[in-house]
Amino acid sequence: MRIWKTIVCCCVLAGLISAARADAAVRNAAFSDTDTGVAYAFECADYPYLRVKYSTADESGSVVLTGRDGAFEGELLLPFRQKAPQARLEILTPSGKTLFQDTVRLSSPGAPKERRADAGAATKVTDLRLTAGEKEMSLAFTAPGHHQVVVQVSSVMHKAAYVLEEQADGAFQDTLRLPYINARDMVTVTLKSLKGRELAKAQERVLFNTMDAGETAAEGPLKGVKVCIDPGHQALEVHAGKVAQYPGAAKRVSGGDSTMAQGRATMRKESVCVLELSYRMCRMMRELGAEVVMTRWSEEVSVTNMERANYANDQNADYFLRIHLNNSSKGTNNAVYVYGPSNSPYAKAVMPIEQYRDTAQTILDALKAATGVEGGVVRMSDQFVGNNWAKMPAFLLECGFLSTPANDWILTTDDYQEKIARGVTDGLVNVVEGRLKRFVFH
Ligand SMILES: [Zn+2]
């Protein structure tokens, strides 16, 4: 049951919003205690995404909320609640400016009554087993002589600690619910005695969240079009020798993999985020009638850039779309880029390079329109082996900067990922239907 109590903190706001966009404000905020967390409702017309930092005596973390027409409403889940009397909440812009702070009183189930360990209880746990799930992690161990163990849970953006009771004879088992963890994030579990002695420590990554890859519709603007989507990078290392930069080129370069970007704030790996984006694009393009294949469907693979181009060629794809996220050493950057090849004879056989450029521009324009990102250009370049060896229109898309914290944060949301996928899909439809930015054949 939710009992709403409105807490409007105009006086708190007055001192806090000065650091943010001049007119940015959180209004009509209401928070209330629920059985499973904190229900929230507030308005903020200035940002479609806001981050909430929360902390209680049991857990703390950070998660991005998505607004609808300026209204934010939902429940912040607190799965580890045991003894916390209150939750401290801070609402920030994606770039980290505080807009609002408040404290919400919580009903507490109370920590379990302390049950001391037996004399001679184990000083080490040697059989701690972590089993990864999607947004959850199971643990099992035996701690002879202990009746309760403190479990500390830590991932990049979340921390928690709670008292776990034995099931029988020192055997312990539990499943951690991690609603705000990102796919493939590392989870560290530390076991401690009630007196604070460390008994064991183990690490495991949560699984990649299964996503809907869609089904090919019978009709649609992409009917008869075969697309090969190439989610950049992967979890495993690749081992590849040197290859000619493009067919016939004297210059030899690595045919393998390049260094991937990583979220500045979330530490998310580019390979995971672009795999999520690629699943969404696959689903959207199939819904419009396209036949879609992908160079990889999971993280635990090893595919070189040359193998990716060869796969698109073997599949006889009509378009090869390579999905990446960017990294900048020069601080924040808000831009998207589309790269096409420039000197490859394979590329020149596909279409004149000027038309190639216009095709890239058409995709870039749609990506910018869908995301609202204003920066970025088309670049025709020899630098990408995977583009140079493809025998069909091949584009490498840098869909945003993981090194820009605000971008990194909003890329964790379904909503922003859908916008990117929609932009790329719209761009492809425009290309297929011949709506090029500037048609070169007069
Ligand atoms: Zn990349």
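A residue is buried if 20 or more other C-beta atoms lie within 10 Å of its own, exposed if 12 or fewer, and partly exposed in between, with C-beta atoms placed from the backbone. With 19 C-beta neighbours inside 10 Å, Arg184 counts as partly exposed. Arg184 is found in the loop between strand 13 and strand 14 (186-192). Its phi is near 70°, a positive value in a residue other than glycine.

This is a predicted model: local features need pLDDT of at least 70, side-chain atom pairs count only at pLDDT 80 or more, and totals for chains, interfaces and linings use all residues. Residues are numbered from 1 along each chain as its sequence is written. Helices (H or I, at least four residues) and strands (E, at least two) are DSSP runs, numbered from the N terminus.

**Domains**

The chain is assigned domain 1 (5-105), domain 2 (129-205) and domain 3 (226-432). These bounds come from an automatic or database domain assignment. Where domain 1 meets domain 2, 10 residues of domain 1 are in contact with 10 residues of domain 2. Contact means that the C-beta atoms of two residues, placed from the backbone, lie within 7 Å. Strand 5 (residues 59-66) gives the most to the domain 1 side, with five residues. By class, that side has four nonpolar, four polar and two charged residues. Here Ala, Val, Leu, Ile, Met, Phe, Trp, Tyr, Cys and Pro count as nonpolar, Asp, Glu, Lys and Arg as charged, and the others, Gly among them, as polar.

Take one residue of strand 5, Ser60. Is Ser60 buried or partly exposed? Ser60 is partly exposed, because 17 other C-beta atoms lie within 10 Å. Leaving aside neighbours within four places in sequence, Ser60 is in contact with Tyr54, Ser55 and Lys159. Phe80 is 20 residues away from Ser60 along the chain, and their C-alpha atoms are separated by 9.8 Å.

**Strand pairs**

Strands of a sheet pair through backbone hydrogen bonds, either parallel or antiparallel. Two strands count as paired if DSSP finds at least two bridges between them. The table lists four such pairs.

| Strands | Direction | Bridges | Residues opposite each other |
|---|---|---|---|
| Strand 4 (residues 49-55) and strand 7 (residues 86-92) | antiparallel | five | Lys53 and Glu90 |
| Strand 7 and strand 8 (residues 98-105) | antiparallel | seven | Ile91 and Phe100 |
| Strand 10 (residues 136-142) and strand 13 | antiparallel | seven | Phe141 and Phe172 |
| Strand 20 (residues 319-326) and strand 23 (residues 394-401) | parallel | six | Arg322 and Leu396 |

Strand 7 and strand 8 also form a hairpin, with five residues between them. Gly96 in the turn has a positive phi of about 105°.

**Two open sheets**

Which strands form the three-strand sheet, and in what order? The order is 9-10-13, in an open sheet with antiparallel pairing. Strand 9 (129-132) and strand 13 (171-177) are the edge strands, and each pairs on one side only. From one strand to the next, the twist averages 15°. Angles run from 0 to 180 degrees between N-to-C directions, and axes are lines fitted to C-alpha atoms, for helices over the stretch in contact.

Another open sheet has six strands, in the order 19-16-20-23-21-22, with mixed pairing. Strand 19 (291-294) and strand 22 (378-380) stand at its edges. Each has a single partner strand, so one side of each is left without a neighbour in the sheet. Here the twist averages 25° from one strand to the next. Helix 5 (residues 353-371) packs on this sheet and touches strand 21 (337-340), strand 22 and strand 23. The direction of helix 5 makes about 150° with that of strand 22.

**Helix 2 and His233**

Why is helix 2 said to be largely enclosed by the rest of the structure? Of its 18 residues, 16 are buried, so the rest of the structure largely encloses helix 2. Helix 2 covers residues 270-287. The expected span of a helix is 1.5 Å times one less than its number of residues. For helix 2 this gives 26 Å, and the end C-alpha atoms are 26 Å apart, which agrees. Just after helix 2, Gly289 takes a positive phi of about 100°.

His233 lies in the loop between strand 16 (226-231) and strand 17 (242-244). His233 has a positive phi of about 60° although it is not a glycine. With 25 C-beta neighbours inside 10 Å, His233 counts as buried.
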